[in-house]
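Could you walk me through this protein, as someone meeting it for the first time? A relaxed tour is fine.

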Amino acid sequence: MGCVHGKCCCCRLCCYTCNPCCCSDSGSQTNNHCCVGDQRSPDHLLQRPPLTGDSVGKALIPSADLCLYYSTLSQRGHYPDSPDRENQDCFIVRTNLHGRVDAHFFAVFDGHGQLGARCAAFVRDRLVEALSADGSLFDDPAKAYQSAFLATNSELHESEIDDSMSGTTAIAVLVSGATMCVANVGDSRAVAGVWRNGSVVAEDLSRDQTPFRKDEYERVRRCGARVLSVDQVEGVKDPDVQSWGDEENDDGDPPRLWVPNGMYPGTAFTRSVGDSTAESIGVIAEPEVLTVKISAEHLFFVVASDGVFEFLSSQAVVDMVAKFIDPREACSAIAAESHRLWLEHENRTDDITIIVVHIKDAGTGTIDAASQTTNKSSIEISDKGKDKTAIQESDICHQEKGNLSIMQSCPVDSSTERSPACVAPSPTHSVLRNG
């Protein structure tokens, strides 16, 4: 999120993500609440930034007789007043974590503030390094996650990056054998698609950490934060009314965190990595960790930045993924719909990043001969560098730069034994049907 709908407030209150009169190239966003005279144009609906994605990757889990097929996509937001603004989202996929053939890591980082992109990239790199170096990761993943996040937060504070008014949220999924261990800091999200009672149901693997949550609201209030919407800060609404509905119906003006005697930082989340100023009012880097046993009913999971979930519910995202056997097609469809909905409500879009991971029984999928190799060590795919080139330690699935439609794929077999929901696709359309 960004601007009044987003992670940190800007424009109307001129806090850290923009210059004193309107949004600029400094990492800010524009929406219809600011810049009087900025009118939406129908042409905006036709302006969709290019997609950056990957071929379908394959990760085996021999101990659970499972196989993961995954794809990633990251799309820079559309900002009419800042056409050169960089994508502040980033992601990483690392298979064979710790040298274990059944341990695979998927994570998305959503930066915010003027140096949000640098914060997100720093956390992406250091977090996975910290987890890889922790020998207790598989014995006590929750403890290892907490240690890695807090250490990374401290390192970011001490780095050359000024994170006083910048930072990143993070959502990470570690698949180890038949277990998913999910760590969340902020308001990006992980959700699983589960076959239940004849349909595919969304199972949230994380909870957004925002002032909408009573426990988070009370925690930051005890730390001295003022919790107010922009309208309340500006005097348009009564600041004593500490009720904002819910995240689905916040009228684009969610509750935010402010220092006691200032109009900053205006964050709409209660946890993040970085944001050293916001730490003084209760924003913390400690993750909430959820461990889930993978069952036969678990068909797939999605890890995505909140650019996806601003206007799409978890169930809506799961419904979209369930229409496609190829995870690349699911990523593209979600990005397109998210983009469309943003421009239906706003004159800009947020950055959008998605990882879709299908869970299949081992042996039910195939990799084409051109890209079939043995996992010698690990394959790491991230969006490091402007060319978004995959960094790989084996030859599985080469990433092509540019449009998703020209990517070289590792075709996924349409058959599955995990659920009656999956049927073979027609020659023109891959569909996951309800029964």
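Here is a short tour, going from confidence to the core and then to a small sheet.

Keep in mind that this is a predicted model, so let's start with how far the predictor trusts it. The mean pLDDT of the protein is 78, with 71% of its residues at 70 or more. Two stretches are worth treating with care. Residues 10-48 stay under 50, and the model gives them 116 contacts beyond four places in sequence. Residues 385-417 are also below 50 in pLDDT, and this stretch has 96 contacts beyond near neighbours in sequence.

Now for the inside. The largest nonpolar core is made of 29 residues, and Phe105, Phe109, Tyr145 and Phe149 have the most contacts within it. Which elements give two or more residues to this core? They are the strands β4 (89-95), β5 (103-112), β6 (167-176) and β7 (179-185), along with the helices α1 (116-133) and α2 (141-158). The top contributor is α1, which supplies seven residues.

Zoom in on Phe105 to see who is around it. Leaving out residues up to four places away in sequence, Phe105 touches a group that includes Ile92, Val93, Leu127, Leu131, Tyr145 and Val173. Arg94 is also one of the residues it touches.

Further along the chain, have a look at an open sheet of three strands, ordered β10-β11-β12 with antiparallel pairing. Its edge strands, β10 (226-228) and β12 (265-267), each pair on one side only. On average, neighbouring strands here are turned by 30° against each other, ignoring direction. Between β10 and β11 (residues 256-258) there are three bridges, and Val227 has Leu257 in β11 as its bridge partner.

Conventions:
Residues are numbered from 1 along each chain as its sequence is written. This is a predicted model: local features need pLDDT of at least 70, side-chain atom pairs count only at pLDDT 80 or more; totals for chains, interfaces and linings use all residues. Side-chain values use heavy atoms; hydrogens and water are left out. pLDDT is the predictor's confidence in each residue, from 0 to 100. Contact means heavy atoms within 4.5 Å. Two strands pair if DSSP finds at least two bridges between them. Helices (H or I, at least four residues) and strands (E, at least two) are DSSP runs, numbered from the N terminus. Axes are lines fitted to C-alpha atoms, for helices over the stretch in contact, and angles run from 0 to 180 degrees between N-to-C directions. A nonpolar core is a set of buried Ala, Val, Leu, Ile, Met, Phe, Trp, Tyr and Cys residues joined through side-chain atoms within 4.5 Å. Buried means under 20% relative accessible area, exposed over 50%, partly exposed in between (1.4 Å probe, protein chains only).
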